[in-house]
Amino acid sequence: MSSILIIEQILNGLQFGVMLFLMAAGLTLIFGVMGLINLAHGSLYMIGAFAAAAVAGVTGSFLLALIAALAAAALAGAIVEMVVIRRLYSAPHLDQVLATFALILIFSEGTRWLFGSFPLFLDIPDALSGPVTLPGGIEYPFYRLTLIGIGLAVAVGLWALIERTRLGIQIRAGENDREMIAALGVDISKLYTLVFALGAALAGLAGALVGAIQSVQVGMGEPVLILAFVVIVIGGIGSVRGALIGALLVGLTDTLGGVFLPELFKLFMENGAAQKTGSALASMGIYVLMGLVLIWRPTGLFGARA
Amino acid sequence: MKKFLTAAAFSALCATGALAEVKVGMITTLSGGGAGLGIDVRDGFMLAIAQSGRDDIEVVIEDDQRKPDIAVQLSDKMIQSERVDVMTGIIWSNLAMAVVPAAVNQNVFYLSPNAGPSPLAGKGCHQNYFNVAWQNDNLHEAAGAYANGADYKKSFIMAPNYPAGVDALTGYKRFFEGELAGEVYTELGQTDYAAEIAQIRASDADSVFFFLPGGMGISFLKQYADSGIDLPVVGPAFSFDQGILQAVGDAAMGVVNTSQWNKDIDNPTNTAFVESFQAEYGRLPSLYASQGFDTANLLLSALDKADPSDADAFREALRAAEFDSTRGDFSFGPNHHPVQTIYAREVIKEGDVFTNKILGVALENHSDAYAAECKM
Amino acid sequence: MRLDEKYLNGLMIAGLLALPLWAVMADQPFTITLVTRAVILALAAVGLNIVLGIGGMVSFGHAVFFGIGGYAMGILAFHAQTYTALELGLFTTDGTKFMPVIWLVAMITSGLVAFFIGLLSLRTSGVYFIMITLAFGQMFFYFAISWAQYGGEDGLSIYVRNDFPGLNTLIPIQFYAICFTLLCVVLFLFARLQASPFGLALNAARQAGTRVETVGLNPMRLKLLAFVISGAITGLAGALFADLNRFVSPTMFSWQLSGELIVLIIIGGVGRLMGPVIGACVFVALEHFLGELTDFWHVYLGVILLCIVLFGRGGLIGLLTGKEGAHV
């Protein structure tokens, strides 16, 4: 296996990882600040993708589509927070799981009601399509490089938001002591709606960006949701830094495992069987990773408390 | 009390018998992921029933949600409560494997409008089971045959790691005479194919064969088109079907795929079908719609000759398959699976709509590899 | 009017007896099949209720045990129906179609797996516990999909139901009798367990782990034992479910199923004896009747579930008896 292929696969893992980060960052913020498990986060990802596909279909502009995705997901997030989620902050985790599970059903079938049962079309803008040649002669899709760039930029932006702004101070304070910041006169319900909408917007952005190279269809959010949960559990729930590290770990493990495990099995097995065994194990790889991390550190890599 | 109820039920049964009403149970996927296929089968089927003008056929339609356990229960309901004579509708092989063996053993006829798992074509075949679509391997075998004709020497082949995926690669290899540049099993439901595309780029393949149904195929094609690799791609019709083609868009242009049906097959039945389907539902029919339509017409042709209560006569009538298929010539092999011509199609654009055009024949009067194992 | 919970439980059992009997007389075999499904799902949820209701552990991976029970039945019956030997390393068997043996194997295997999963997962708590159990579920799901020997994603069809001495299990009402009896036995055990020193200690461990520790009990050991018992019961339900459908497939391991089991308990009432039973009956009825009304019935199901969480604390039993349930 050539070094070019290996570098390309590492880039693929990175790209997968940063997109997972966009999903996981919102989840982990919402849990960190409000203590809420949001299973419906994957639905916001789907809403972003559908909004982008609908707007791109009408206007033909990818930029407008991205803006629509951000707006639609943030709006859906804010509405859901105000109507449903707000009543669940003091509820046990079990109620949160059930209520957000119910939201998944409503969003998924509601979207199918609106848009029909067939996948929607969303494509990469011409300016970003096709491969570019990187130093060392690696040909790599420009769009995927852009995704890596956007993901890292969002990570830096989030860091700046949390460390450098007034809202960030409130978020950090909220993570540490909810009653105290309410007592200090921060409008807590506005803060919560804002954080929820921010998390939703990030999920919507991820949905639109990924939707352009995948299929925009009902139910697209759930597999990503489960991966995002794996990410934040590995990283430590509530930690944005943990979400970034966890996302990259999961992205790289999944991509590289899928490529190298079958190669490994080929050393001592027949070709077809090695492929099947290797890819079966690779699909379990990230869950094994998560199990190992939790056995080693029961609250994840950067988790402060259970 | 009990006596009275049984008597009532008995007289009710006699009443339906006197009207010679035929009850058809359709279990198909109408909600959740993959609902598009079930909806097309249903619409095609019901179009044919409506066109027949017969009002003595009752079709009971139920949604299996693509869950095998739900499908089994619905089948119990169809057989136990509704007492259907004929069943049809199932899209997915795993659901068919859960439902069909038990159903046909309870003396119900099953006409498959889509799924054709190999066990039901070989050792597990049954006299009451008829497949009107294809045996699962057929379209893949045709793809292999097409690859020989196109002079491909080295193929990179790929499918999800589940039984139908393994069958797909086996089917391709059965007919493809060249070498393999790579053989990859992906995860079921996978949406990112960057890693596989990198492997294709690094290999010395001259062609790519893939079987990735539903959303998986959309994702792969979009990512492949963006990767800058320009090796020719060939696959079965499932990823290029009318329903999802619009979602793939330009990425599918020019790709060759294999199918037993296309809307431009030139025969009067097909022309009328395409026109009336569009008029009725406002969209172009898909492969699945044509299969639903053919299934209903097969059923109607048999009902003209015999009543399902006379099982032997009805079976003979089905086996004769004397109906006008949208595919032109159609007949059953000894294992009740189609013997039919499979075409190579190319994706083209008609105005704003992506669709397929027939390039030529990939396999003529093709049967399947399992017929010999079937002892009926 | 507020009902006493005891009367409500009695009514529920009476209903589960009367409805299938009526169905036999009215010649509605499918109604029996539906009730059987509800009873089996209830059995699985009673198992989950031990860890979730009494022990306060939100396991989002109980489908693992349900699936293992199902595959235990599937594999044993598959070898018996194809007359092939099943190599188990130390010994070889021809499989079996005898229900009690299948149940025993299902319970032992799922109990064993529960032991190992519990050993690892119980090191964590709260959300981490929810997520690690979910992860184990996914591991088993993907494994089953690629396990070609037993059908992979296609699953395994068992053509005839397994045997129980003296009964014809293919007759719906007789198979129902088996499932109903087992449910009653397990409900009895659950009631005994809840009131036993073990159950009280487990309940205490949920509310105040450190206090339990100071009186000399090991909360980890209590929880692990509960987890194993719970896994074994859900495994038994899995074996019955497989027999009901005469079919097993990886969907028995899916995370949606884990979620549905939790949903059943919450609909009925967490930690209550009959909570899972009422929940399962309501769920199966909703699934059946809403599904007939519209293709988009998931939306309505979602709205109903949402209302139960937001307005119906303590589930339906709580609503009917006027008492809130345990908090988890």
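Me: What makes the link of B:Cys125 to B:Cys374 a disulfide?
Reply: In this predicted model, a disulfide joins B:Cys125 to B:Cys374, with S to S at 2.0 Å. The cut-off is within 2.5 Å, so the pair counts as a disulfide.

Me: Which hand does the link of B:Cys125 and B:Cys374 have?
Reply: The link is right-handed, with 90 degrees about the S-S bond.

Me: What does the pair tie together?
Reply: B:Cys125 lies in the loop between helix 5 and strand 5 of chain B. B:Cys374 lies in the segment after strand 13 (353-366) of chain B. The two are 249 residues apart in sequence, so the pair ties together parts that are far along the chain from each other.

Me: Are B:Cys125 and B:Cys374 buried or exposed?
Reply: Both B:Cys125 and B:Cys374 are buried.

Me: How many disulfides does a search of the whole structure find?
Reply: The search finds one over all chains.

Me: Why is C:Cys184 not in a bond with the closest cysteine sulfur?
Reply: That sulfur is in C:Cys179, 11 Å away. This is too far for a bond. C:Cys281 gives a similar answer: its closest cysteine sulfur is in C:Cys184, 12 Å away, which is too far for a bond.

Me: Why does C:Cys184 count as partly exposed?
Reply: Its relative accessibility is 28%. Buried means under 20% and exposed over 50%, so a value in between is partly exposed.

Me: What is B:His126 in contact with, leaving aside its neighbours within four places in sequence?
Reply: B:His126 is in contact with B:Val104, B:Asn105, B:His336 and B:Met376. B:His126 is in the loop between helix 5 (118-121) and strand 5 (129-131) of chain B. A polar atom of its side chain lies 3.0 Å from the backbone nitrogen of B:Asn128.

Me: How do you know that the length of helix 9 of chain C agrees with its number of residues?
Reply: Helix 9 (residues 219-245) of chain C has 27 residues. At 1.5 Å a residue, the helix should span 39 Å. Its end C-alpha atoms are 39 Å apart, so the two agree.

Me: What makes helix 9 of chain C mostly covered?
Reply: In this helix, 21 of its 27 residues are buried.

Me: What lies at the N-terminal end of helix 9 of chain C, and what comes just after the helix?
Reply: C:Asn218 caps the N-terminal end, with a side-chain oxygen 3.0 Å from the backbone nitrogen of C:Met220. Just after the helix, C:Arg246 takes a positive phi of about 55 degrees.

Me: How many aromatic pairs does the structure hold?
Reply: There are 38 over all chains.

Me: Why is the pair of C:Phe78 and C:Tyr150 called edge-to-face?
Reply: The planes are 90 degrees apart, and the centres 5.9 Å. Over 60 degrees counts as edge-to-face, so the name fits. C:Phe78 is in helix 3 (residues 63-82) of chain C, and C:Tyr150 is 72 residues away, in the loop between helix 5 (126-145) and strand 3 (156-157) of chain C.

Me: Why does C:Tyr150 count as buried?
Reply: Its relative accessibility is 3%. Under 20% means buried, so the label follows. C:Phe78 has 21%, so C:Phe78 is partly exposed.

Me: How sure is the predictor of residues 1-19 of chain B?
Reply: pLDDT stays under 50 over these residues. Where pLDDT is low, the predicted coordinates should not be read in detail. Chain B averages a pLDDT of 89.

Technical notes
Residues are numbered from 1 along each chain as its sequence is written. Chains are lettered from A and ligands numbered from 1 in the order in which they are written. This is a predicted model: local features need pLDDT of at least 70, side-chain atom pairs count only at pLDDT 80 or more; totals for chains, interfaces and linings use all residues. Side-chain values use heavy atoms; hydrogens and water are left out. Helices (H or I, at least four residues) and strands (E, at least two) are DSSP runs, numbered from the N terminus. The expected span of a helix is 1.5 Å times one less than its number of residues. Buried means under 20% relative accessible area, exposed over 50%, partly exposed in between (1.4 Å probe, protein chains only). A polar contact is a pair of N or O atoms within 3.5 Å; within protein, one must be able to donate a hydrogen and the other to accept it, and residues adjacent in sequence count only if both atoms are side-chain atoms. Contact means heavy atoms within 4.5 Å. pLDDT is the predictor's confidence in each residue, from 0 to 100. Rings of Phe, Tyr and Trp (its six-membered ring) pair if their centres lie within 6.5 Å; planes under 30 degrees apart count as stacked, over 60 as edge-to-face and the rest as tilted.
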